[in-house]
Amino acid sequence: MSVVTSPDIGPWDRAHPDADDPDIRLGQELLGRLLGGPATLRAKEVSDGAEVGPEPAERFWHALGFPLAEDDEAMFTEADVEALRRATRLGEGAGLDETTALSMTRAFARTMDRLSVWQTQLMAESLMSPEQEAEIGEKDARSVSDRGVAAAASTRLVELADELEPLLVYAWRRHLAAAITRMLADSDPEDDSAAGNPTRVVGFADLVNFTALVRRMTERQLAVLVQRFEALASDIITAHGGRVIKTVGDEVLFVHQEVAPAAAIALDLVDAMTEDPLLPDVRVAMAYGPVLSRLGDVFGTTVNRASRLTAVTPPGRVFVDDALARPIGSVSGFELRWQRRRHLRGIGAVTPRELLRTTGTRPREEQG
């Protein structure tokens with residue numbers, strides 16, 4: 001095994017020439033508190049302690065997403081030994097083949113990497129003083145915290161680690177229960193082929209004129225805007241029972257199993273962004289059909305159709321494809337208006353409908 005457990009551990013090595021530097025000492029202290037002790041073990045000592053060969057150990061560390069290190073560097077702790085033991089038991093004792101065990105490990109690693117980066121940024125931003133936020137147009141504005149804020153945020157996160165850990169496990173178990181419920185609901189007891197993909201409403205919410213905002217805003221201000229957009233969109237989507245698949249800057253991808261709440265999500269997103277003074281308008285497009293779910297993401301023609309439809313949707317409006325328009329037509333509270341025919345790249349010609357709310361009348365589909 002020849003990898004380290006964190007890309008940032010290197011400068012914290014006790015043998016580092018700058019070990020007397022306050023930041024290095026702080027890093028050493030925080031590392032020890034998080035991992036239960038100082039980094040005193042070498043790669044071979046970890047694999048020997050876990051009674052695992054060097055090659056399986058290296059595959060495990062690669063699955064965790066950590067970088068290479070020299071074999072003679074003392075970069076590991078007893079926590080790494082125990083983690084390797086657990087990974088081995090997952091493959092052998094739990095009856096999982098190595099490929100599946102490594103894939104499970106990789107899923108944890110990718111999720112935890114994003115989570116920890118997200119949390120460190122949130123903590124740093126919460127500790128920044130108002131004067132550290134630049135006005136629009138200040139090109140020399142710093143987009144990262146100063147050293148004092150970084151040290152304070154790091155210390156605070158380590159102090160909170162024991163409180164955050166039970167919440168992390170609880171959230172995982174809750175989401176695992178929800179995922180199992182969806183999997184069981186999607187399964188067809190009469191279909192032994194297991195070849196069919198579940199049918200979903202797929203939606204994209206896209207901020208309008210985002211590129212222009214990027215040119216006018218500092219990175220710090222842009223981060224605040226994106227964070228506000230993601231928080232508001234996530235709250236609306238989850239409130240209606242939908243799932244946020246991913247956010248990419250100015251765009252949110254979501255799915256839902258049911259038509260009516262998906263329609264409510266789209267219209268609520270438009271209303272919320274319109275009323276929020278910080279955010280620009282949003283456009284939302286949705287498609288209905290089978291999707292392929294893999295690695296926590298969704299793929300397939302339905303996803304592509306929703307994405308392409310978003311590009312032709314005007315600001316502050318919601319467009320849906322024909323497959324979604326049909327079931328929405330029988331749901332009270334919504335109205336559909338025909339739009340002109342459009343050609344979507346990689347999809348072909350479509351005739352979208354605009355989705356609107358109605359009050360107290362049976363929904364209708366108006367030919368435009």
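Which residues are linked with Glu82 in a network of salt bridges? The partners are Arg85 and Arg86, and together the three form that network. Keep in mind as we go that this is a predicted model. A search of the whole structure turns up 17 salt bridges, and we will come back to a few of them after a look at the overall fold.

The protein chain has 368 residues, 37% of them buried, and its secondary structure consists of 11 helices and 12 strands. Its accessible surface is about 21200 Å², with 53% of that belonging to carbon and sulfur atoms. If we take contacts between residues at least 6 apart in sequence, 69% of them join residues at least 24 apart.

Let's start with helix 3, which spans residues 54–63 and has Ala57, Phe60, Trp61 and Ala63 buried. These four cover an arc of only 160 degrees around the axis, so they sit on the same side of helix 3. Pro54 and Glu55 are exposed, on the face turned away from that buried side. After helix 3 comes Gly65, with a positive phi near 85 degrees.

The buried side of helix 3 also leads us to the aromatic residues. The structure holds 3 aromatic pairs. In one of them, the ring centres of Trp61 and Phe76 are 5.9 Å apart and the planes meet at 40 degrees, so the pair counts as tilted. Trp61 belongs to helix 3 while Phe76 is in the loop between helix 3 and helix 4 (78–92), so this pair ties together parts 15 residues apart in sequence. Trp61 is buried at a relative accessible area of 1%, and Phe76 is likewise buried, at 1%. With Phe60 added, Trp61 and Phe76 form one aromatic cluster.

Another tilted pair is made by Phe108 and Trp172, with 6.1 Å from centre to centre and 50 degrees between the planes. Here helix 5 supplies Phe108 and helix 6 supplies Trp172, so the pair ties together parts 64 residues apart in sequence. Both rings are partly covered: Phe108 is partly exposed at 43%, and Trp172 is partly exposed at 41%.

Those two residues also take part in a nonpolar surface patch of about 820 Å², whose members include Phe108, Met112, Trp172 and Leu176. Helix 5 (98–127) and helix 6 (147–186) are the elements that give two or more residues to the patch, and helix 6 gives the most, with 7. One of the patch residues in helix 6 is Leu176, which is partly exposed at 38% relative accessibility.

Now back to the salt bridges. Lys44 and Asp48 meet through their side chains at 2.7 Å, N to O. They are 4 residues apart in helix 2 (residues 43–49), so about one helical turn separates them. Lys44 is exposed, at 57%, whereas Asp48 is partly exposed, at 44%.

Other bridges span more of the sequence. Arg283 and Asp206 form one with their closest N and O atoms 3.2 Å apart. Arg283 is in strand 4 and Asp206 in strand 1, so the pair ties together parts 77 residues apart in sequence. Arg283 counts as buried at 17% relative accessibility, and so does Asp206 at 12%. Lys246 and Asp297 also meet in a salt bridge, at 3.0 Å. This pair joins strand 2 to strand 6, so it ties together parts 51 residues apart in sequence. Lys246 is partly exposed, at 36%, while Asp297 is buried, at 15%.

Definitions and conventions
Residues numbered from 1 in each chain as written. Predicted model: local features only at pLDDT ≥ 70, side-chain atom pairs only at ≥ 80, totals over all residues. Heavy atoms only, no water. Patch = residues over 30% accessible without salt bridge, like charges linked within 9 Å, V, L, I, M, F, W, Y side chains within 5 Å. Areas by Shrake-Rupley, 256 points an atom, 1.4 Å probe, with all protein chains shown as cover. Salt bridge = Lys/Arg side-chain N within 4 Å of Asp/Glu carboxyl O. Buried < 20%, exposed > 50% of the residue type's maximum accessible area, 1.4 Å probe, protein only. Arc of directions from axis to C-beta. Contact = heavy atoms within 4.5 Å. Phe/Tyr/Trp six-rings, centres within 6.5 Å; stacked < 30°, edge-to-face > 60°.
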